[in-house]
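Hello,

I am handing over the structure we spoke about. Please open it first, then read the notes below it.

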Amino acid sequence: MRITERPAVGGVVATIAGLATSELVAGIAGPSVTPVLAVGESIIALTPGSVAEKAIGAVGQLDKPLLVVGVVAGALAIGAGLGSLVPRRPQAAFGGFAAMALLGVVAVLTRSDSRPVEALSALVGGIVATMVLRWFNRFAAQPEGRSAEAIGADRRTFLRNVGLVLAGSALVAGAGRWVGRARSVVEDARAGLALPVKPADVPAGADLGVRGVAPWLTPNDEFYRIDTALTPPLIDPTEWSLRIHGMVEREMTLSYDDLLERGLENAWVTLCCVSNEVGGELIGNTEWSGVPIKAILSEVGIKAGADALLSTSEDGWSCGTPLGALTDGRSSLLAVAMNGRPLPVDHGFPVRQVVPGLYGYVSATKWVVDWEVTTLDRIEAYWTQRGWGEKGPIKTQSRIDTPRGDVDAGTVKVAGVAWAQHRGIEKVEVRVDEGPWREATLATVPGIDTWVQWVWDWDAERGDHTLEVRATDKTSAPQTAKVADVLPDGATGYHGVGLAVR
Ligand SMILES: Nc1nc2c(c(=O)[nH]1)N[C@H]1C(S)=C(S)[C@@H](COP(=O)(O)O)O[C@H]1N2
Ligand SMILES: [Mo]
């Protein structure tokens, strides 16, 4: 290979690395299309019907694979062209790669059912391609006056790097394919389930409808996601089982059908992460459907002395939950559905735990497959091993959702949410510039396990102001003003918003 051909080869290799990466990211990001497929679809969509028909007629059933091959070949040709520009016009070359990535992003996002995260595949692919292109840039020119030996070594390094990137790309693309296929098998199984559940009706009066406030019912695809899984475990419900053992009278293993046979209950529960900062968004509310954990524990019979349930997920994450929270009659569920839909894969499909009143890290095991009834002093779970509190009752908190920026003078709706799961919210108060606390109006909620929306009309006068909120739970305990970090067992302090009134 001549040295003048190296930039073009670098461009091709960079394109291959970018495409391979985009396959992997697409596989991880969800049941989505890859940028290559999305560009292919866009070409079909933009081709005049008669032309498309002729083309299809000419190549028969092969049209889809041919289109994919065509898109890839086109990308490689453009990559070669852009690569050869690198020595003379590097900006044009890198700009060209950015444009290719942008094309992928646009193609993915203009599909009807795409989610914003799916654009990541083209984005990350573009970044990787650019990095590889830069890496190969140094082979483009041969300094004068170097020994034949040095030139030979340089040539071998170049070829070795080409080989490395190609092999790496093959691995990455293969992994992407594998993840994507496994995920779509489980997504199909999920779509094929007919659970006796329906999308929730928001109880009358629960949502005040104030602009800028988080909706009382969090849509499934907007629900926060926290877990240690790089890609979520992919579990076919027919292969799922829960093994129950430890300090029990009778060991038991439940299949998915065994679980459903026991009958589903519905419960509105607001789930919250211990890592939620004051004013943060790691919280969501939905109606869960599942089998009461208490009923299953009484089936297996808890031995005297046990006070904890150690639950473990398919991917080895674990948490310890005080038995009391599972057996005192609150709506602790082995949940199979979220807002009337089978659990999304990211939220624990096919089965997860939901326990009102406890932070997720001590209660909400997703993809749960193993239960050991035990004692708290005997166990260490994933996060407690890493310094987080053994017990994780949710602390009373409140958040100002609106306003979050400057406003015009006059009546301003100050509004947000407050929560104290399983104690309930009694009262929410707001103060301006550390003045007297003013009571806000509360929405009505169906129980004590959810957040509550609140609103307060503020007669805003010109100037700079600070708004603060605090909640009081139904045991009449006010939220503490003491500022605490999320570690080890949840943040405290008032949420405040500073703004200017014009
Ligand atoms: N298997 C598994 N389950 C898990 C976790 C995890 O890392 N792995 N994280 C927990 C934490 S810390 C929280 S806050 C909740 C979040 O649930 P969500 O992602 O459905 O909102 O899941 C809990 N269940
Ligand atoms: Mo969490």
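**Aromatic residues**

Trp388 is buried, at a relative accessible area of 15%. Its partner is Trp383, and the two rings pair edge-to-face. Their centres are 6.3 Å apart, with 75° between the planes. Trp383 is partly exposed, at 28% relative accessible area. The cut-off for buried is under 20%, so Trp388 falls within it. Both tryptophans belong to one aromatic cluster with Tyr361 and Tyr382. Tyr382 also has a charged residue over its face: Arg386 lies there, 3.7 Å from the ring centre.

Before going on, please note that this is a predicted model.

The count of aromatic pairs comes to 10. Another edge-to-face pair is Trp240 with Tyr256. Here the ring centres are 6.4 Å apart and the planes stand at 85°. What does this pair tie together? Trp240 lies in the loop between helix 7 (148-191) and strand 1 (241-246), and Tyr256 lies in helix 8 (residues 256-261), so the pair links parts that are 16 residues apart in sequence. Trp240 is buried, with 2% relative accessible area. Tyr256 is buried as well, at 4%.

Elsewhere, Arg6 has its charged end over the ring of Phe158. The distance to the ring centre is 5.0 Å.

**Whole chain**

The protein chain has 502 residues, and 48% of them are buried. It holds 10 helices and 18 strands. The C-alpha trace spans about 80 × 70 × 60 Å along its principal axes. Take the contacts between residues at least 6 apart in sequence: 74% of these join residues at least 24 apart.

**Cores**

In soluble globular proteins, nonpolar side chains tend to be buried together. The largest nonpolar core in this model has 56 residues. Which of its members touch the most others? They are Leu259, Ile296, Leu334 and Trp371. Leu334 is worth displaying with its surroundings. Leaving aside neighbours within four places in sequence, Leu334 contacts residues that include Leu242, Leu259, Val291, Ile293, Ile296, Val351, Val368 and Trp371. Its contacts also include Ser289, Gly290, Arg352 and Gln353.

A second core is separate from this one and has 22 residues. Among them are Ala418, Ile425, Val432 and Ala460.

**Thr396**

Thr396 sits in the loop between strand 10 (368-374) and strand 11 (397-402). Is Thr396 buried or exposed? At 11% relative accessibility, Thr396 is buried. Its side chain makes a polar contact with the side chain of Arg423, at 2.9 Å. Beyond four places in sequence, Thr396 is in contact with Trp419, Ala420, Arg423, Ile425, Ala471, Asp473 and Gln479. One of these, Ile425, also appears in the second core.

**Helix 5**

Helix 5 covers residues 90-109, 20 residues in total. From first C-alpha to last, helix 5 reaches 29 Å. That is close to the 28 Å expected at 1.5 Å a residue. Its buried residues are Ala93, Gly96, Phe97, Ala101, Gly104, Val105, Ala107 and Val108.

Best wishes

Key. Residues are numbered from 1 along each chain as its sequence is written. Chains are lettered from A and ligands numbered from 1 in the order in which they are written. Side-chain values use heavy atoms; hydrogens and water are left out. A nonpolar core is a set of buried Ala, Val, Leu, Ile, Met, Phe, Trp, Tyr and Cys residues joined through side-chain atoms within 4.5 Å. Buried means under 20% relative accessible area, exposed over 50%, partly exposed in between (1.4 Å probe, protein chains only). Contact means heavy atoms within 4.5 Å. Helices (H or I, at least four residues) and strands (E, at least two) are DSSP runs, numbered from the N terminus. The expected span of a helix is 1.5 Å times one less than its number of residues. Rings of Phe, Tyr and Trp (its six-membered ring) pair if their centres lie within 6.5 Å; planes under 30 degrees apart count as stacked, over 60 as edge-to-face and the rest as tilted. A charge sits over a ring if NZ of Lys or CZ of Arg is within 6 Å of the ring centre and within 35 degrees of the ring normal. A polar contact is a pair of N or O atoms within 3.5 Å; within protein, one must be able to donate a hydrogen and the other to accept it, and residues adjacent in sequence count only if both atoms are side-chain atoms.
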